[in-house]
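The following exercises ask the reader to work through a protein model, each with a solution given step by step. Please consult the sequence and the structure while reading.

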Amino acid sequence: LMSNKRGMLGFGGINPWILEFNLMVLGRISSREVERVVRIVIRKHPALKLHFGEKIHLCDHIYFKTLVAPSDVPYETWKHDQAINLRKEMNVATLPWSVILYEKGDYKEIGVFVNHLLVDDVSLLVITNTINQLLANPKKFDRAIDQQLFIWQQQLFEKTLNKEFEEDLSYWSRATSVKNKKLIEIEDNIGLNQVRYQKLLKFDFFNVEQLRLVKETLSLHGLTIFDFSMTCVAKMVERWLGESEFCLSMDVNGRSPLKGCADVNSAVGWFSTSAPLYLQVPDQVDFIEQIATIKKQYSAMPKGGCSFGWLVNYAMHSFSGRPQRIRFAYENHNIYNGNEVFHIRSNDLTIQEIKAECKFDFDPESLMYYLLDFQFVERSTSGLELRVNYPTKLVDVETINSMITCFHASRDQIMAICDVPAAELAMAD
């Protein structure tokens, strides 16, 4: 776990760190069945017994509870209030997760909550899937303890002892040593205490059809929408800083396979860190070439950035440079769009469908750390959205308008390319 996220525990606006996944039950299920499943989930995923690496005493009434809706209050209003109360309770006690069975007559929902400071968002899906499998086919479910997390951790410790990650030190030293005049001036002369006064700007980049067309066009050149999004941010940051060389902070998925390490895609735990991405914005006139160059620079990040997190947080290596104050993130929320169908066992042993609804809250880390936080969000139902968190006392309206103009220009450039027939693009390649 990143040290700066540990410090977030004392921050009053911590509620957004609680992720929630609701399952609507279209069958019959008892409170006793759900409680039994919760106990099995705790045994199967040992990370749920840990609090920042230390074993905690389990309190069953906190990890699972059944709530019955009153008849004189609208159900959705009541459920919303109950979820808010649980989030506050989890924040105060820094609990890793909780499960609630909502009941109103024969109608029932299962709410799964996880503390994003303690486990990552993929863990939320793993926990939910485990509950689903146990309720659907309890006799066929593998209840063995999931050891992958601990095997993975031990393997990485061995790599650290063997100094395998030290071969990446040259890249990380260069990335952390980049100095930008404007960032230094803000940090030294103005102070970062103004960063906490944030404003969120939402910008609809592409609708669903436009996003599909852009993806198809980029794929002809071996590029992705992720590469395009990163290039848009890089061009904007270059314009804002007045320098072509800089670093962006990027969230890194530690579940990405490292050579010789266990597969932890189905494990519960925290597998995220952040790493500095060194960028030098190319001066090519051709926009596609610019995207390709940025992609190449991203690909040069050692081990997808995982080695930086391991060197800093476990090998205790320190880098002398300043922390990165600009963040880039790309979130594919198609797995959270509520279209997944799970199954649950009813009393007559027939399989009933339940639909999942996810309420995903964005990281409030920028409130404490970043000067500019760019988050691209892709959803199959709405297309591509850009969210920019910025401190109102450090970034004025003129600067934001200039940023929007820059993003508009990048969008217009790629859409102009998309207007060319796909056959001609293929021939040009």
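**Exercise 1. State how exposed E216 and R212 are, and describe how they are paired.**

Step 1. E216 is partly exposed, its relative accessible area being 41%; in this scale buried means under 20% relative accessible area, exposed over 50%, and partly exposed in between, with a 1.4 Å probe and protein chains only.
Step 2. R212 is likewise described as partly exposed, at 36%.
Step 3. A salt bridge joins the side chains of E216 and R212, with N to O at 2.5 Å; the term requires a side-chain nitrogen of Lys or Arg within 4 Å of a carboxyl oxygen of Asp or Glu.
Step 4. Both residues belong to helix α9 (residues 208-219), where they are four residues apart, about one turn of the helix. Helices (H or I, at least four residues) and strands (E, at least two) are DSSP runs, numbered from the N terminus.

Before continuing, note the conventions. The model is predicted, so to speak of local features requires pLDDT of at least 70 and side-chain atom pairs count only at pLDDT 80 or more, while totals for chains, interfaces and linings use all residues. Residues are numbered from 1 along each chain as its sequence is written, and side-chain values use heavy atoms, with hydrogens and water left out.

**Exercise 2. Give an overview of the protein chain: its secondary structure, its buried share and its contacts.**

Step 1. The secondary structure consists of 14 helices and 14 strands.
Step 2. Of the 429 residues in the protein chain, 51% are buried.
Step 3. Take the contacts (heavy atoms within 4.5 Å) between residues at least 6 apart in sequence: 78% of them join residues at least 24 apart.
Step 4. The exposed area of the protein chain is about 20000 Å², of which carbon and sulfur atoms supply 52%; accessible areas come from the Shrake-Rupley method with a 1.4 Å probe, and for residues only the protein chains shown count as cover.

**Exercise 3. Determine how many salt bridges there are, and examine E164 and E167 among them.**

Step 1. The count is 14 salt bridges.
Step 2. One of them pairs E164 with K159 at 3.1 Å, N to O. E164 is partly exposed, at 33%, whereas K159 is buried, at 12%.
Step 3. Another pairs E167 with K303, whose closest N and O atoms are 3.0 Å apart. This pair links distant parts of the chain, 136 residues apart: E167 is in the loop between α6 (148-161) and α7 (169-176), and K303 is in the loop between α11 (287-299) and α12 (306-313).
Step 4. E167 is exposed, at 58%, and K303 is partly exposed, at 30%.
Step 5. A network of salt bridges also links E76, K79 and E109.

**Exercise 4. Which residues of α6 are buried, and where do they lie on the helix?**

Step 1. The buried residues of α6 are L149, W152, L156, K159 and T160.
Step 2. Viewed down the axis of α6, these buried residues fall within an arc of 100°, so they line one face of the helix; the arc is that of the directions from the helix axis to the C-beta atoms.
Step 3. The buried residues of α6 pack against α12.
Step 4. From first C-alpha to last, the 14 residues of α6 reach 20 Å, close to the 20 Å expected at 1.5 Å a residue; the expected span is 1.5 Å times one less than the number of residues.

**Exercise 5. Explain why α10 is described as largely enclosed.**

Step 1. Helix α10 (residues 225-241) has 17 residues, and its end C-alpha atoms are 24 Å apart, in agreement with the expected 24 Å.
Step 2. Because 14 of these 17 residues are buried, α10 is largely enclosed by the rest of the structure.
Step 3. Just after α10, G242 takes a positive phi of about 75°.

**Exercise 6. What phi do K163 and K303 take, and where does each residue lie?**

Step 1. Most residues other than glycine have a negative phi.
Step 2. K163, although not a glycine, has a positive phi of about 60°. K163 is in the loop between α6 and α7 and is exposed, at 53%.
Step 3. K303, also not a glycine, has a positive phi of about 50°, and its place is in the loop between α11 and α12.
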